[in-house]
Amino acid sequence: MKRRDFLVSAIAAVAASSASANAVPITYQPQLVDLTTSQRAGVIHVNTDQRFLYLTLGGTQAIRYGVAVGAAGRAFKGQATIRRKVEWPSWTPTTNMIRQEPNVYGPYRAGLPGGHPENPMGARGLYLYRGNRDTMFRIHGTHQPWTIGQSFSSGCIRLHNDHIADLYARVPIGTRVIVT
C-alpha cells in the first residue's frame with residue numbers, strides 16, 4: 001500500500017471513530033490535505049482564525065485537525081516546543097484563571113486528576129515551552145467535543161479526544177509548534 005493511501009485510511013479511521021457520536025462536524029475531522037507551499041516534516045502549525053491544526057508530513061502534505069482555541073485575548077500566539085507529553089493529564093487552573101473567573105475555576109483550585117469527567121485536559125496533553133520555561137499553554141483533548149471549531153477555551157488548543165490521541169502518537173518531544 002502506498003504511503004498516501006495508508007495515511008488516508010488511517011486518518012479516515014480516526015475521523016470515523018469521532019464523527020457521529022461526538023458532534024464534531026465533518027469539516028473539523030482529521031483529513032490529509034495538500035498545502036500551497038512545501039514544508040519540513042514534523043512541525044505543528046495552528047491557524048487560530050481558521051480553527052485548524054496542521055501536522056506537516058513533508059513536501060506539500062499535512063494532516064489537518066479541527067481545534068477549539070482560546071477566547072479573545074486568551075489565545076497563545078507564537079512559537080513553542082513540546083517538552084512534555086502526558087496521557088490522561090491532571091489539571092489545576094492557573095492563578096490567573098481563578099482570578100478572572102473565581103466562580104468558575106475557584107472550586108477546582110486543588111485540581112482534578114486525569115480521567116475525571118470534569119477535567120478539561122481530556123485524554124492527552126502536549127505541554128508547550130519556550131526554551132526551558134513552561135508557557136502554561138497546552139495542546140490537549142476535551143470532554144466538550146461540541147466546542148471544536150470555536151473560540152472557547154482559556155487559551156489552550158483543544159482537540160477531540162480521539163484526535164489528540166492520534167496526534168500524540170505522531171509527535172515526539174521536541175516538536176516545534178507555530179501558532180498564528
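The sheet in this predicted model is an open one built from eight strands, and if you walk across it you meet them in the order 1-3-2-10-5-6-7-9, with mixed pairing. Strand 1, residues 31–39, and strand 9, residues 157–158, stand at the two edges, and because each has a single partner strand, one side of each is left without a neighbour in the sheet.

As a reminder before we go through the pairs, strands of a sheet are joined through backbone hydrogen bonds, and the pairing can be either parallel or antiparallel.

Let me begin with strand 5, residues 78–87, which runs antiparallel to strand 6, residues 124–130, with six bridges between them; here K85 is the residue that stands opposite L126 of strand 6. Packed on the sheet is helix 4, residues 161–170, which touches strand 2 (44–47), strand 3 (52–66), strand 5, strand 6 and strand 7 (133–140). The direction of helix 4 makes about 150° with that of strand 3.

Moving on from strand 6 to strand 7, we find that this pair is also antiparallel, held over five bridges, and that G125 has H140 in strand 7 as its bridge partner. These two strands form a hairpin with two residues between them, and in that hairpin G131 takes a positive phi near 65°.

What, then, is the sense of the pairing between strand 7 and strand 9? Those two strands run parallel, over two bridges, and I139 finds its bridge partner in I157 of strand 9. That brings us back to the edge, since strand 9 has a single partner strand and one of its sides is therefore without a neighbour in the sheet.

Definitions and conventions: Residues are numbered from 1 along each chain as its sequence is written. This is a predicted model: local features need pLDDT of at least 70, side-chain atom pairs count only at pLDDT 80 or more; totals for chains, interfaces and linings use all residues. Side-chain values use heavy atoms; hydrogens and water are left out. Two strands pair if DSSP finds at least two bridges between them. Helices (H or I, at least four residues) and strands (E, at least two) are DSSP runs, numbered from the N terminus. Contact means heavy atoms within 4.5 Å. Axes are lines fitted to C-alpha atoms, for helices over the stretch in contact, and angles run from 0 to 180 degrees between N-to-C directions.
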